[in-house]
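Hello,

Here is the structure I promised to pass on. Please open it and keep it beside you while you read.

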Amino acid sequence: MIKLSERLRIIADRMDNCKTMADIGTDHGFLPAYMIESGRCERAVAADISQPSLEKARQLCEERGITACEMRVGDGLDVLEPGEVEGVVIAGMGGTLIAEILDGGRSVSESLKRIVMQPRTASGELRKWLMDNGYRIVAEDVVYEGKFVPQIITAVPPGRPLDGMEDLSAAGVSGDGELYYEIPRWIIRGGGPIGEHVRRVMRRERNTLEGLMSAKIKDEARIREKQTEIKYLAELLESCEP
């Protein structure tokens with residue numbers, strides 16, 4: 001059996017109950033190959049804009065005798081037809097690009113049962129786009145991968161059934177700033193080292209506040225805003241720790 005990293009294992013778990021799936025930007029193809037080999041999916045599509053990258057996935061499947069994983073070269077969701085697969089994974093890209101992929105392929109994205117995303121940057125921007133466009137966020141996960149702390153966001157497209165899952169994002173966010181989408185209040189119900197993740201962000205925001213306070217010309221409005229955000233993070237941290 002293919003051995004997945006902790007990040008990919010969590011993504012695979014969030015893709016559960018999808019008989020067909022596509023991995024957009026698959027690179028080595030570990031995830032779709034695993035989904036077929038483990039019996040979690042009946043058919044998978046491994047897609048990448050790079051032919052050389054896709055060749056790595058093709059070679060992996062050939063070596064392991066996996067025949068139900070189709071290779072497709074293309075940009076974003078253009079490689080799929082509406083309703084062709086139940087679930088899609090878009091991982092390892094910036095949150096802005098993920099939102100652009102979903103927006104540019106709405107006929108496909110809104111036909112899906114589930115979308116699992118792992119943005120490398122701009123997670124708050126991605127969550128805001130999802131909420132503004134009617135997607136329901138049903139799961140949040142955090143995992144450590146070296147010096148990176150990937151956030152994994154699972155969402156259900158507008159108009160699609162939740163299938164017993166809870167719409168976490170129905171709670172809304174606590175403010176207008178980007179931080180409230182980067183660390184939404186429902187994230188404390190997520191999986192993984194949520195408390196440590198919130199602490200890391202709080203340290204970052206405190207460093208920013210120190211810089212604002214030490215500036216020769218102080219931006220009082222920005223200082224108050226940052227103080228309010230740090231208080232919000234502290235309250236979240238208190239909620240997610242025993």
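Below are notes on the sheet first and on one helix after that.

This is a predicted model: local features need pLDDT of at least 70, side-chain atom pairs count only at pLDDT 80 or more, and totals for chains, interfaces and linings use all residues. Residues are numbered from 1 along each chain as its sequence is written, and side-chain values use heavy atoms, with hydrogens and water left out.

**The sheet**

Seven strands (DSSP runs of E, at least two residues, numbered from the N terminus) form an open sheet. Their order is 3-2-1-4-5-7-6, with mixed pairing. Strands count as paired if DSSP finds at least two bridges between them. Strand 3 and strand 6 (136-142) stand at the edges with a single partner strand each, so one side of each lacks a neighbour in the sheet. Strand 5 (residues 114-119) and strand 7 (residues 151-156) pair in the antiparallel sense over three bridges. There, Ile 115 stands opposite Ala 155.

**Helix 3**

Helices are DSSP runs of H or I, at least four residues. Helix 3 covers residues 51-63. Which of its residues are buried (under 20% relative accessible area, 1.4 Å probe, protein chains only)? They are Ser 53, Leu 54, Ala 57, Leu 60 and Cys 61. They cover an arc of only 110° around the axis (taken from the directions from the axis to the C-beta atoms), which puts them on the same side of helix 3. Pro 52, Glu 62 and Glu 63 on the other side are exposed (over 50%). Just after helix 3, Gly 65 takes a positive phi of about 70°.

Best wishes

Notes:
The expected span of a helix is 1.5 Å times one less than its number of residues.
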